[in-house]
Amino acid sequence: VEADRQTVNDLRSLWEKERIEVQAERKAVARERDSITATREAMLESERATSARLQSMEARVLQAQTRVQGGEDELQRLRLEIQTEKAEQVATRERLTAEKAAHDKEASIVQEHKEKLRREAEEAQADRRRAEEVWTEVKEARGELDRLQGQLQQQEHQLQVKRRLFEEERLRFAKERRQGQNP
């Protein structure tokens, strides 16, 4: 009976020791799981922040594209206006030449028309300068667009790398968890 009691006590002591070890292992597994969950949440937050930056950059790219298109439209409008003014100048010159040949008396009127043509030519020259300025702005906006697109591509590449690392971490965690459950 004493030997049986000792055996029971030894078994209880062994069982208690095993129970404490199992609890310690469970706590270690829970800490590891919490650590992995925190890492996963940090990676998800980083991915969300990167996505927000990408959306912001895409919006800036669209704004730059809109500015480029607006500049090109303005340039086209100014070119058309210059062509119209040139056509008007040619027509006015032809009309003045005919009137001068027919009406030498109206030399003062011809002089006024020449002055008008000079002003129109100055305005056309000013319009040409404005068109060149707009063209310069268009080129600068295109450069900005190219730069922003480069940044966007770089951010997209970084996001892909982070996603790949996250997926590898997730697969590693799943593999470790399976190995831990099925030794």
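The mean positions of the 38 positive and 40 negative charges of the protein chain lie 3 Å apart. That is our way into this structure, which is a predicted model, and the overall form of the chain comes next.

**Overall form**

The protein chain holds two helices and zero strands. Its radius of gyration is 41 Å, well over the 16 Å that the globule rule gives for 183 residues, so the chain is more spread out than a compact globule. The C-alpha trace tells a matching story: along its principal axes it spans about 150 × 20 × 15 Å.

How much of the chain is buried? Of the 183 residues, 18% count as buried. The accessible surface comes to about 14000 Å², and carbon and sulfur atoms account for 51% of that area.

Contacts along the chain are worth a look too. Taking those between residues at least 6 apart in sequence, 89% join residues at least 24 apart.

**The nonpolar core**

Which residues make up the largest nonpolar core? There are seven of them: Val68, Leu75, Leu78, Ala131, Val134, Val138 and Ala141. Two elements each give two or more residues to this core, namely helix H1 (2–102) and helix H2 (107–181). The largest share, four residues, comes from H2.

**Four residues to find in the viewer**

Here are four polar or charged side chains to look up, with their helix and relative accessible area.

| Residue | Helix | Relative accessible area | State |
|---|---|---|---|
| Asp127 | H2 | 4% | buried |
| Gln155 | H2 | 14% | buried |
| Glu176 | H2 | 35% | partly exposed |
| Gln69 | H1 | 40% | partly exposed |

Let us begin with Asp127, in helix H2. Its relative accessibility is 4%, and because buried means under 20%, Asp127 falls in that class. What does Asp127 touch, leaving aside residues up to four places away in sequence? The partners are Leu78, Glu81, Ile82 and Glu85. One of these, Leu78, is 49 residues from Asp127 along the chain, yet their C-alpha atoms are separated by 6.7 Å. Leu78 is also a member of the largest nonpolar core, so if you click on Asp127 you can follow its contact with Leu78 into that group.

Gln155 is another residue of helix H2. With a relative accessible area of 14%, Gln155 is buried as well, because its value is under the 20% limit. Leaving out residues up to four places away in sequence, Gln155 touches Thr50, Arg53, Leu54 and Met57.

Met57 turns up again in a pairing with Glu176. These two residues are 119 apart in sequence, and their C-alpha atoms are 38 Å apart in space. Is Glu176, in helix H2, buried or partly exposed? Its relative accessible area is 35%, so Glu176 counts as partly exposed, a class that runs between 20% and 50%.

Finally, Gln69 has its place in helix H1. Gln69 is partly exposed, with a relative accessible area of 40%. How far is Gln69 from Arg142 in space? The C-alpha to C-alpha distance is 9.8 Å, while in sequence the two residues are 73 apart.

Conventions
Residues numbered from 1 in each chain as written. Predicted model: local features only at pLDDT ≥ 70, side-chain atom pairs only at ≥ 80, totals over all residues. Heavy atoms only, no water. Rg over C-alpha atoms; globule rule 2.2 N^0.38 Å. Buried < 20%, exposed > 50% of the residue type's maximum accessible area, 1.4 Å probe, protein only. Contact = heavy atoms within 4.5 Å. Areas by Shrake-Rupley, 256 points an atom, 1.4 Å probe, with all protein chains shown as cover. Lys, Arg positive; Asp, Glu negative; His and termini not counted. Charge placed at Lys NZ, Arg CZ, Asp CG, Glu CD. Core = buried A, V, L, I, M, F, W, Y, C linked by side-chain atoms within 4.5 Å.
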